[in-house]
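Biologist: Hello! Could you walk me through this model, one question at a time?

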Amino acid sequence: MTAISRFIEGLPKAELHLHIEGTLEPEQMFVLAERNRIALPYGSVEELRGAYDFENLQGFLDLYYQGMRVLLEEQDFYDLAWAYLERVAKQGVVHAEIFFDPQAHTTRGVAFSTVIDGLHRALRDGQARLGITAKLIMCFLRHLDQDDAMRTLDEALDHKDRIVAVGLDSSELGHPPSKFRNVFARARNAGFLAVAHAGEEGPAAYVWEALDELGVARIDHGNRSLDDEALVRRLAKAKTPLTVCPLSNLKLAVVTDMTRHPLKDMIEKGLVVTVNSDDPAYFGGYINENYQAVQAALDLTRAQLAAIARNSFEAAFLGAAEKQALIARLDDYVGRGGAA
Ligand code: HPA
Ligand code: ZN
């Protein structure tokens with residue numbers, strides 16, 4: 001391992017763009033399929049992994065929704081989230097803000113409470129046993145209509161203390177943020193913070209809408225913001241964080257080549273960028289593999305990597321004192337030259 005890889009490994013960091021259903025590894029999918037007596041259309045883990053070759057976002061989403069059908073019981077959701085936390089505890093992750101897609105489960109007859117009880121129990125254990133703090137962000141599926149999102153928000157109100165924010169994900173093109181204006185207004189009135197996927201495949205106009213019509217505090221992905229100079233100025237001035245996902249971008253053909261990834265360009269334009277893993281079981285790597293991939297392709301320095309990790313704490317949905325404590329840990333690590 002190179003010195004810079006070791007530096008990344010131990011770097012304290014927060015993950016802010018992670019779909020828990022996207023951490024379902026093929027091995028675990030087979031275990032849960034057997035436990036729940038669900039037939040998978042693949043004969044082996046290798047065959048399933050071989051199918052992970054996506055042309056675009058929709059090609060991925062089709063397999064992502066198919067894969068999560070093995071999640072039925074509270075314990076399944078617990079096991080899923082616990083496996084993720086155990087894995088990233090070894091990657092320097094000290095805080096995680098985790099997306100979940102309730103509609104992808106309730107539409108299959110799994111109760112909202114089954115999903116959130118399992119996830120939340122894992123997060124509590126993660127804090128107690130691994131020292132990772134974590135929060136849940138409930139995403140609305142944008143390919144469904146706003147009424148469906150409203151009904152999901154109604155259910156979420158019963159679990160308000162266990163959800164920090166609402167988000168927006170799934171098929172972006174043709175489903176602009178403005179479609180969800182009313183449900184986001186209601187969610188924010190109820191005290192939820194807001195984020196939205198925007199500018200992954202959709203145009204810069206969707207990023208404007210997410211800011212102006214949904215009132216989001218962060219933009220998930222946001223790559224296409226670079227097409228619009230006025231938008232870049234707005235994001236930089238307001239210090240609106242972007243949760244960038246390099247390996248996802250490569251696997252979903254948002255970028256053609258990692259050496260052409262816009263992360264460095266974003267940094268140079270003054271944007272607050274973070275590095276995240278999106279759906280690591282599908283895209284070939286967890287958060288550190290994402291840091292490693294952009295570092296190698298764009299020749300990022302230790303100072304740039306540390307600045308990205310710092311951004312992840314600044315951008316987190318934590319109080320000022322909690323952020324300061326995490327940033328102090330980071331500064332301490334960097335001050336010791338990355339020694340553990
Ligand atoms: N984009 C949109 N929806 C998603 C993604 C993504 O990268 N991952 C899981 N749902
Ligand atoms: Zn995502």
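Biologist: How many Å lie between a polar side-chain atom of His19 and a nitrogen atom of ligand 1?

Modeller: First, this is a predicted model, where local features need pLDDT of at least 70, side-chain atom pairs count only at pLDDT 80 or more, and totals for chains, interfaces and linings use all residues. Residues are numbered from 1 along each chain as its sequence is written, chains are lettered from A and ligands numbered from 1 in the order in which they are written, and side-chain values use heavy atoms, with hydrogens and water left out. A polar contact with the ligand is a pair of N or O atoms within 3.5 Å. For His19 and the ligand nitrogen, the distance is 3.3 Å.

Biologist: Which side chain has an N or O atom 2.8 Å from an oxygen atom of ligand 1?

Modeller: His221 also has a polar side-chain atom by a ligand oxygen, but at 3.3 Å. The 2.8 Å partner is Asp278.

Biologist: How many salt bridges does the structure hold?

Modeller: A salt bridge is a side-chain nitrogen of Lys or Arg within 4 Å of a carboxyl oxygen of Asp or Glu. One of them joins Arg35 and Asp79, at 2.8 Å from N to O. Arg35 lies in helix α2 and Asp79 in helix α5 (helices are DSSP runs of H or I, at least four residues, numbered from the N terminus), so the pair ties together parts 44 residues apart in sequence. The total is 17.

Notes. A polar contact is a pair of N or O atoms within 3.5 Å; within protein, one must be able to donate a hydrogen and the other to accept it, and residues adjacent in sequence count only if both atoms are side-chain atoms. Helices (H or I, at least four residues) and strands (E, at least two) are DSSP runs, numbered from the N terminus.
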